[in-house]
Amino acid sequence: MILSVLYTQYQPALQGLVSMASNEHLNLSEFIKNVHQQLRDDSKIMGSEKAWNEHIKNEKQLQQYATAMKQLAVNYWDNNINKNSKEMSRIAWVCDLCLDYFRKNKLQDYRHKEKSVAEKINLDIDINKQLSNYEDEHIRMLDVGSCYNAFGRYEHFHVIPIDIAPATSDVLKCDFLTVNVGSCTKMVSGELQMLQNNSFHIVVFSLFLEYLPTPEIRLSCCQKAYNLLLNEGLLFIITPDSKHVGANAKLMKSWQFLLAMLGFSRIRYQKLQHIHCMAFRKNLSNVTAVRWAELHQNKDFYKKMYIPQDFKIESTEPTASSNNFIKNDNHIYTLEDCFNFSDVDNFVKTIKAFNTYRMVAVMYPFMAFMNVESSRCYMDDLYSPDPDKCLASIVCIKNSVIGSNRQKQSIIAQDENNERLIDACLCCLRTLTQQSVRVNFTGKHIEKLLSYAGLEENLSRQACIAHMLSALCRGLPEQNLLCSVGTQQVLATLLNIENSAVRLPTLTCLAAMCFENRNVAVEVVNTMFRNVESPNIFVSLLARDRSIETLLETAKCLTNMCRSGALAPNDSMIVYRAMPTLVRICQSDHLEIHRAAAANTLAYLTEVDSSLQQLAALSNQLINALNDLLSFPTASTKIAAFTAFASIGANDEDIRKRIIETHRLIEKVLEGLADQDEGVRLAAVRCLHSLSRSVQQLRTTFQDHTIWRPLMSLLSGNPPTELLIAASSALCNLLLEFSPSKEPILQQGVVQLLATLTAKSEPALRLNGVWALMNMTFQTDQRLKSQILTALGTDQIFRLLADSDVRVLMKTLGLLRNLVSPRNHTDTMMALHGSQVMQAVVLVLEGPHSPEVKEQALCILGNIADGERSKDHIMANEDVLKKLTDYMTHSDSSLQTAAIFCISNLVRRDEPGYAERQARLRDMGVLTILHQLVSTVSDNLLYDKLCFKSRKANIYLRCLLVDIELSLD
Ligand SMILES: C[S@@+](CC[C@H](N)C(=O)[O-])C[C@H]1O[C@@H](n2cnc3c(N)ncnc32)[C@H](O)[C@@H]1O
């Protein structure tokens with residue numbers, strides 16, 4: 001019963017071909033069915049041509065469809081056809097009939113039949129039109145929408161398999177809707193552009209027509225098949241239908257009628273358990289076929305090539321009925337929700353984005369209670385093909401309902417049963433929430449929705465609400481709103497329903513609620529259902545026999561709980577359940593889409609935790625599986641694999657080494673950098689950035705593959721901001737002093753490029769620019785240091801020192817510190833840039849900065865004090881000396897230590913002018929301060945403070961020496 005509600009059309013038809021239906025199989029079918037549904041919906045909104053053009057551009061979805069379809073057919077249908085079973089495969093049905101017709105001479109029978117009809121109407125059939133030598137010829141078959149070339153293995157046929165998204169390499173890419181029919185067959189850039197007319201013995205439409213969104217397109221394809229077929233050739237149509245033979249008899253008869261009008265005679269029809277199989281013969285003369293149609297034209301046929309799905313609002317949803325009305329105020333509230341927008345503009349926008357067809361269905365019940373006369377015209381417009389007219393009509397209807405008690409009363413008075421109308425409203429709301437327009441729901445609205453998701457409600461409603469809530473949950477305010485009305489409790493209840501149509505959106509919604517929201521995630525973790533905490537329910541959903549989708553969504557929930565801080569990374573649910581599940585699904589025995597989804601979640605789970613990274617990379621299995629994913633052509637799959645590599649290699653040298661040593665990995669990263677998809681380029685750069693943290697790899701693999709080259713060309717090509725951020729992060733590492741890439745990168749004018757980055761509005765770019773420059777100044781020659789300072793310019797340095805992002809400020813100070821060290825550079829650099837450096841230090845010491853920042857400024861002073869002549873820059877600056885003495889007694893031990901370090905450099909003996917400096921400092925009270933400090937040595941606390949790190953211990957000892965020297969003076 002459940003399945004018959006939820007999978008009423010395509011699903012059972014496909015499903016029925018197998019003896020054993022697994023969850024994965026059901027999910028594949030569901031995916032395929034959704035693609036068809038989406039295309040039909042889009043056609044209603046934007047017109048079939050535009051919808052088709054958009055559809056055909058969505059390569060990712062086409063690819064996923066191809067993979068899913070092949071998987072379904074090969075793994076479930078073709079594998080499961082039991083020789084002894086009464087069930088027969090669609091492929092075998094076509095083959096058997098073809099052999100009968102072309103090889104066992106059945107064709108002659110049909111020819112005679114047609115001739116006798118012709119005689120009856122005095123029609124002279126031209127016998128030259130007959131197929132000649134068909135017994136000897138190879139049977140030429142055009143398999144339209146072939147997917148994976150199921151007929152290819154039959155030697156009787158010479159098959160031309162075509163598809164918009166070939167699943168195997170022997171299928172030719174071709175859009176049957178747009179391919180020309182002409183005098184020859186023509187390929188242009190790997191795509192079939194023209195097919196030869198009158199050249200095929202057979203055209204096959206196996207599970208093809210229901211992909212097409214409108215009756216008109218389907219019929220035009222049949223017309224095209226007619227033109228492509230030789231006379232007496234056969235068009236096979238296989239279409240799914242799980243119902244009994246009579247259920248859609250009218251539709252099938254209508255097809256026979258419509259195809260007869262084109263010149264086809266139906267020669268065989270068979271209803272197998274879940275499919276209709278039909279063979280149509282292209283008559284020698286279309287007149288004989290049309291005659292049949294004329295004889296039957298008074299019958300009640302549809303005049304369009306409908307499929308059952310055309311008559312449904314939505315296959316898996318409850319439908320609106322024209323005879324049901326609203327029952328009470330409570331339910332009017334639900335209906336009003338559909339129209340409850342703060343202003344008409346918003347409403348109009350929403351409706352425009354909304355599937356008008358479904359809205360009409362939802363509105364239909366209204367028409368029975370509206371003031372019929374006055375509303376007549378806009379009620380008619382409701383059915384207009386012009387969306388603007390339809391929209392205007394809906395607005396009128398809405399205006400007449402809202403706020404009108406009389407209307408409401410009349411509805412209440414007429415109503416008997418409103419259940420289906422509520423279903424329709426829920427459908428409508430669901431579609432609204434799934435559009436990109438934001439619908440403002442209040443807590444009261446959510447509560448109302450939740451009231452339709454209780455255990456006593458039907459599965460369609462529960463699924464509908466779960467879908468709606470997960471679409472709604474787009475950010476922090478929505479997460480908090482959902483949580484505040486107890487959504488997590490209702491969802492925990494729904495989790496226990498053994499139905500994937502309900503469970504999957506429920507899990508999706510819980511994952512969305514927990515994403516980067518600790519408070520909500522904690523609430524979800526603490527939610528109980530029948531005394532079981534929700535994480536334990538999740539654990540039960542990670543059992544191996546669950547569907548892959550359930551496993552993936554459950555692991556995602558646990559991942560989001562972990563990343564938001566509600567579960568610890570070492571929680572057993574993460575370590576022993578979520579993580580191994582994700583690693584397992586990444587392996588090659590799963591579908592590509594599932595593997596990619598698992599890799600994405602795994603990337604997020606491990607991104608910041610080194611123990612999880614190590615756990616994930618425990619065996620080489622995962623690394624090999626991710627590497628294998630990089631071989632798929634799908635952009636999203638590559639992105640997932642690169643992102644996962646970036647995460648698991650983020651912290652550990654050994655993991656990075658193993659990643660880099662994986663077969664052809666570095667080549668794949670390089671290919672990724674040049675990929676035409678921007679997302680792939682970005683993910684490849686991020687992966688590279690992670691791997692570039694390895695000192696050893698920078699020296700070896702990175703150098704061998706001259707990684708810097710593509711990276712530099714990416715950076716110079718004016719890339720989008722995100723790519724620029726990632727590429728400049730990687731560049732920072734390649735410019736480290738031990739990296740052999742540093743020199744060639746310098747030759748490319750990188751200093752100017754980085755200086756430009758420091759002036760960007762994006763803080764991450766400023767940070768990377770100054771960070772890379774800082775790395776370049778470390779232990780480099782003075783010429784390069786000066787070049788960097790000149791490229792930046794004094795003004796820019798001061799701007800960076802006043803940057804709102806403290807990390808930028810810290811790296812700028814790091815850069816200045818590198819400029820004035822090592823000791824043999826200090827004097828020269830200070831002679832050239834002394835005044836700027838001193839000004840910068842003073843600026844920072846006087847600013848409202850943290851001790852960490854000020855410590856960095858004091859360290860620069862310490863380096864300056866270390867130089868022979870550069871000491872004068874400090875000694876000549878009374879203000880700085882005063883600051884130094886003050887910091888010697890500062891309560892923050894790191895500042896105190898840095899100041900003492902600087903003073904000890906200034907008073908060092910045996911350097912020219914030391915006696916004057918000592919005297920000057922003694923006059924400023926330094927000696928007294930040192931005495932005080934020395935006397936506190938007995939104070940364990942201070943001693944600990946000073947000796948806490950070995951560097952500080954050194955300083956402390958030096959201070960003691962200084963003290964002695966000063967005293968001797
Ligand atoms: C449900 S699958 C059927 C696959 C195969 N014929 C079978 O019976 O297993 C439908 C196929 O039609 C293809 N298709 C849809 N529209 C098409 C078009 N206009 N031209 C070519 N192929 C198309 C799809 O890409 C998909 O592979």
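Where is the place of Asp163? In this predicted model, Asp163 sits in strand S2, the strand that runs over residues 157-163. Let's start there and work outwards.

Asp163 is one of two residues that the UniProt record, an unreviewed entry, marks as "binding site"; Gly145 is the other. The pair is spread over 19 residues of sequence, yet clusters in space, with a largest C-alpha distance of 4.6 Å. Both Gly145 and Asp163 also show up in the lining of the largest cavity.

Now for the surroundings of Asp163. With a relative accessible area of 11%, Asp163 counts as buried, because that value falls under the 20% cut-off. Setting aside neighbours within four places in sequence, Asp163 is in contact with Gly145, Ser146 and Cys147, and also with Val171, Leu172, Lys173 and Cys174. Ser146 deserves a second look: the Asp163 side chain reaches the Ser146 backbone nitrogen at 3.2 Å.

Over to the other annotated residue. Gly145 belongs to the loop that links strand S1 (139-144) to strand S2 (157-163). Is Gly145 buried or partly exposed? Its relative accessibility is 26%, so Gly145 counts as partly exposed. Once neighbours within four places in sequence are left out, the contacts of Gly145 are Ile162, Asp163, Ser206 and Phe208.

Put the two side by side and you have a loop residue, Gly145, touching a strand residue, Asp163. Gly145 is partly exposed, whereas Asp163 is buried, and the lining of the largest cavity includes them both.

Notes. Residues numbered from 1 in each chain as written. Predicted model: local features only at pLDDT ≥ 70, side-chain atom pairs only at ≥ 80, totals over all residues. Heavy atoms only, no water. UniProt positions renumbered as here; feature names shortened; annotations may be inferred. 1 Å grid on protein atoms, 1.4 Å probe; cavity = no way out; pocket = protein on both sides within 12 Å on 5 of 7 lines; lining within 4 Å. Helix = DSSP H or I, 4+ residues; strand = E, 2+ residues; numbered from the N terminus. Buried < 20%, exposed > 50% of the residue type's maximum accessible area, 1.4 Å probe, protein only. Contact = heavy atoms within 4.5 Å. Polar contact = N/O pair within 3.5 Å; in protein donor to acceptor, adjacent residues only side chain to side chain.
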